[in-house]
Amino acid sequence: MYVILLGPPGVGKGTQGVLLAEAFGWERVVTGDLLRQARADETEIGREAQRYMDAGELVPDQVVVELVAEKLRPLPADCSVLFDGYPRNAAQASALAEILEELGRAIDQVVVLTADDQVLVERIAGRRSCVSCGAVFNVFVNPSESGELCDRCNSPLHHRPDDQEDTVRHRLDVYREQTQPLIAFYEQSSVDVHAVDGSLGVDQVQDAVRSALGVGSAAR
């Protein structure tokens, strides 16, 4: 089974993707992880990606697509794959379809996690992380009892620049402009698309995702 997990920033794709992959032994494709690994391994494509990042530029779609292709080609035919937050735009979706067609495979199902903007803003803009131990708090739902200090080690808490509310709202606008149209893209491609309320608790969302996909036991 080849599954795509879509949804706006802060909706919980990473959490749900990890839970699914660990429960069922699926391969999880996360482009950020692929980029970091390629750079660490100093592969040719990793060095190419590094050049763009060193210049403060986005890594082009064609580089990301090739990383994904390198990940998929050696996988056995009976391997289930979860694409976590990828593709992000129409060009990536079309390129992924070509790669899968080359491999004799195709996307089977798409799960779209949804939540109101305010929920997403609070989840992301409310995050505070400890500069020392890495503990994460949220001023809205899980605040530090010490206010601006970490409850674990009493070190200062940091609010990342990309977690500022105006930045978060811009990221949501980009999602609606570039990624949300993929829902219609896959619906028109006769792929089963399921909407799941991502504002619920982690376990509730996981149960809903498994129900949508028709899986319920940890078997590949």
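## A walk through the chain, starting from its core

The largest nonpolar core here holds 34 residues, and the ones with the most contacts inside it are Leu-72, Phe-83, Leu-96, Ile-107 and Tyr-186. Quite a list of elements feeds this core with at least two residues each: strands E1 (2-6), E3 (81-84) and E4 (109-114), along with helices H2 (31-41), H3 (44-54), H4 (61-72), H5 (90-102) and H8 (182-188). Helix H4 gives the most, with seven residues. Bear in mind as you look around that this is a predicted model.

Leu-72 is a good place to zoom in. Setting aside neighbours within four places in sequence, Leu-72 is in contact with Tyr-2, Val-29, Val-81, Phe-83, Leu-96, Ile-99, Leu-100, Leu-103 and Arg-105. There is also a second, separate core, made of 21 residues, with Ala-23, Trp-26, Leu-120 and Leu-213 among them.

Now step back to the whole chain. Its secondary structure adds up to nine helices and eight strands. A compact globule of 220 residues would have a radius of gyration near 17 Å, and the chain's 18 Å agrees with that. Along its principal axes, the C-alpha trace spans about 55 × 40 × 35 Å. Of the 220 residues, 40% count as buried. If you take contacts between residues at least 6 apart in sequence, 69% of them join residues at least 24 apart. On the outside, the chain exposes about 11,600 Å², with carbon and sulfur atoms supplying 47% of that area. As for charge, there are 20 positive and 35 negative ones, and their mean positions are 3 Å apart.

Back to single residues, beginning with Val-29, one of the contacts of Leu-72. Val-29 is found in strand E2 (residues 27-29). Its relative accessible area is 0%, so it is buried. Val-81 sits 52 residues away from Val-29 in sequence, yet their C-alpha atoms are 7.2 Å apart in space. Not counting residues up to four places away in sequence, Val-29 touches Leu-34, Val-68, Lys-71, Leu-72, Val-81, Leu-82, Phe-83 and Asp-84.

Helix H1 (residues 13-24) offers two residues to look at, and Phe-24 is one of them. Phe-24 has 3% relative accessibility and therefore counts as buried. Val-215 is 191 residues from Phe-24 along the sequence, but the C-alpha to C-alpha distance is 8.9 Å. The other residue is Lys-13, also found in H1. Is this lysine buried or exposed? At 16% relative accessibility, Lys-13 counts as buried, because the cut-off for that is under 20%. Leaving out residues up to four places away in sequence, Lys-13 touches Leu-5, Leu-6, Gly-7, Pro-8, Asp-84, Gly-85 and Leu-113. Between Lys-13 and Phe-24, eleven residues apart along the chain, the C-alpha separation is 16 Å.

Leu-113 turns up again as a partner of Val-205, whose contacts beyond four places in sequence also take in Gln-16, Val-196, Asp-197, Gly-198 and Leu-200. Val-205 lies in helix H9 (residues 202-213), and with a relative accessible area of 2% it is buried. Compare its distance to Cys-153: the two are 52 residues apart in sequence and 32 Å apart in space, C-alpha to C-alpha. The pair Val-29 and Val-81 has that sequence spacing of 52 residues too, with 7.2 Å between C-alpha atoms.

Finally, have a look at some backbone details in the loops. Where does the chain have a cis peptide bond? One joins Tyr-86 and Pro-87, with omega at about 5°. Pro-87 has its place in the loop between E3 and H5. Next comes Asn-154, whose phi is near 70°, a positive value in a residue other than glycine. You will find Asn-154 in the loop between strand E6 (136-138) and strand E7 (157-158). Ser-190, again not a glycine, has a positive phi as well, near 65°. Ser-190 is in the loop between H8 and strand E8 (192-197), and at 67% relative accessibility this serine counts as exposed.

Definitions and conventions. Residues are numbered from 1 along each chain as its sequence is written. This is a predicted model: local features need pLDDT of at least 70, side-chain atom pairs count only at pLDDT 80 or more; totals for chains, interfaces and linings use all residues. Side-chain values use heavy atoms; hydrogens and water are left out. A nonpolar core is a set of buried Ala, Val, Leu, Ile, Met, Phe, Trp, Tyr and Cys residues joined through side-chain atoms within 4.5 Å. Buried means under 20% relative accessible area, exposed over 50%, partly exposed in between (1.4 Å probe, protein chains only). Helices (H or I, at least four residues) and strands (E, at least two) are DSSP runs, numbered from the N terminus. Contact means heavy atoms within 4.5 Å. The radius of gyration is taken over C-alpha atoms; the globule rule is 2.2 Å times the number of residues to the power 0.38. Accessible areas come from the Shrake-Rupley method with a 1.4 Å probe; for residues, only the protein chains shown count as cover. Lys and Arg count as positive and Asp and Glu as negative; His and the chain ends are not counted. The place of a charge is taken as NZ of Lys, CZ of Arg, CG of Asp or CD of Glu.
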